[in-house]
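Thanks for making time this morning. I would like to walk through one structure, starting at one end of the chain and working inwards, and I will take questions afterwards.

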Amino acid sequence: MNDKEMLELIKSVEPGANIEIDIKALDGLITLIGKYKGGLQQEGFYNPKSGGWSCYESEGWEPCYQFYFQEEGKRKIYIMQIGWKVEAIRIIK
């Protein structure tokens, strides 16, 4: 799933909806299940080739969007970045 598809998908979801996300980790991908808490906004820029993140836009860098996510069974709310950290989003019905 590319970043534009993930952005459009998360824009269509209401806060409180159950979602499943794949995030980058040291040894591959981790799948988390939880609730989308809203707060979608553009926050910084990332380089898809190197995986770097910055507050400033440079040539070849893409906007980084973030949203709030609460993992199932946890109280803490996490900030997840589309493209830089999140690899895929799926809606659970």
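Let me begin with a detail: the side chain of Asn-2 places a polar atom 3.1 Å from the backbone nitrogen of Lys-4, and a polar atom of that side chain also lies 2.8 Å from the backbone nitrogen of Glu-5. Please keep in mind throughout that this is a predicted model, and that the distances I quote are computed from it.

Asn-2 belongs to the segment before helix 1, and with a relative accessible area of 42% it is partly exposed. In the contact with Lys-4, a side-chain oxygen of Asn-2 lies 3.1 Å from the backbone nitrogen, and in this way Asn-2 caps the N-terminal end of helix 1. To give a sense of distance, the C-alpha atoms of Asn-2 and Gly-28 are 17 Å apart in space, while the two residues are separated by 26 residues in sequence.

Moving into the helix itself, which of its residues are buried? In helix 1 they are Met-6, Leu-7 and Ile-10, and because these buried residues fall within an arc of 100° when seen down the helix axis, they line one face of the helix. The face turned away from that buried side carries Lys-4 and Lys-11, both of which are exposed. On the inward side, the buried residues of helix 1 pack against strand 1, strand 2, strand 4, strand 5 and strand 6.

That packing leads on to the interior. The largest nonpolar core holds 15 residues, and those with the most contacts inside it are Ile-10, Ile-19, Ile-21, Phe-67, Met-80, Val-86 and Ile-89. At least two residues of this core come from each of helix 1, which spans 3-11, strand 1, strand 2 (28-46), strand 4 (62-71), strand 5 (77-82) and strand 6 (86-91). Ile-10 therefore appears in both descriptions, as a buried residue on the one face of the helix and among the residues with the most contacts inside the core.

Now to the charged residues. As a general matter, side chains of opposite charge can pair when their charged atoms come close. How many salt bridges does the model contain? The count comes to 4, and I will take several of them in turn.

One of them is within the helix, where the side chains of Glu-8 and Lys-11 meet at 3.9 Å, N to O; because these two residues are 3 apart in helix 1, they are separated by about one helical turn.

Another joins Arg-90 to Glu-20, with the closest N and O atoms 2.8 Å apart. This pair links distant parts of the chain, since Arg-90 is in strand 6 and Glu-20 is in strand 1, 70 residues apart. Arg-90 counts as partly exposed, at 32% relative accessibility.

A further salt bridge is that of Lys-24 with Glu-87, whose closest N and O atoms are 3.4 Å apart. Lys-24 lies in strand 1 and Glu-87 in strand 6, so this pair ties together parts that are 63 residues apart in sequence. Both partners are partly exposed, Lys-24 at 36% relative accessibility and Glu-87 with a relative accessible area of 29%.

Salt bridges that share partners also join Glu-20, Asp-22 and Arg-90 into one network, and Asp-22 deserves a closer look. Asp-22 is found in strand 1, residues 18-25, and is it buried or exposed? With a relative accessible area of 11%, Asp-22 is buried. Its side chain and that of Arg-90 are joined by a polar contact of 3.0 Å. Setting aside neighbours within four places in sequence, Asp-22 is in contact with Ile-30, Thr-31, Lys-85, Val-86, Glu-87, Ala-88 and Arg-90, a list that includes Val-86, which was also named for its contacts inside the core.

Finally, the cysteines. A disulfide is a covalent bond between the sulfur atoms of two cysteines. Why does the count of disulfides come to 0? The sulfur of Cys-55 has its closest cysteine sulfur in Cys-64, at 10 Å, and that is too far for a bond, given that the cut-off is 2.5 Å. The two residues also sit in contrasting surroundings, for Cys-55 is exposed, with a relative accessible area of 54%, whereas Cys-64 is buried, at 0% relative accessibility.

How values were computed: Residues numbered from 1 in each chain as written. Predicted model: local features only at pLDDT ≥ 70, side-chain atom pairs only at ≥ 80, totals over all residues. Heavy atoms only, no water. Buried < 20%, exposed > 50% of the residue type's maximum accessible area, 1.4 Å probe, protein only. Polar contact = N/O pair within 3.5 Å; in protein donor to acceptor, adjacent residues only side chain to side chain. Contact = heavy atoms within 4.5 Å. Core = buried A, V, L, I, M, F, W, Y, C linked by side-chain atoms within 4.5 Å. Helix = DSSP H or I, 4+ residues; strand = E, 2+ residues; numbered from the N terminus. Arc of directions from axis to C-beta.
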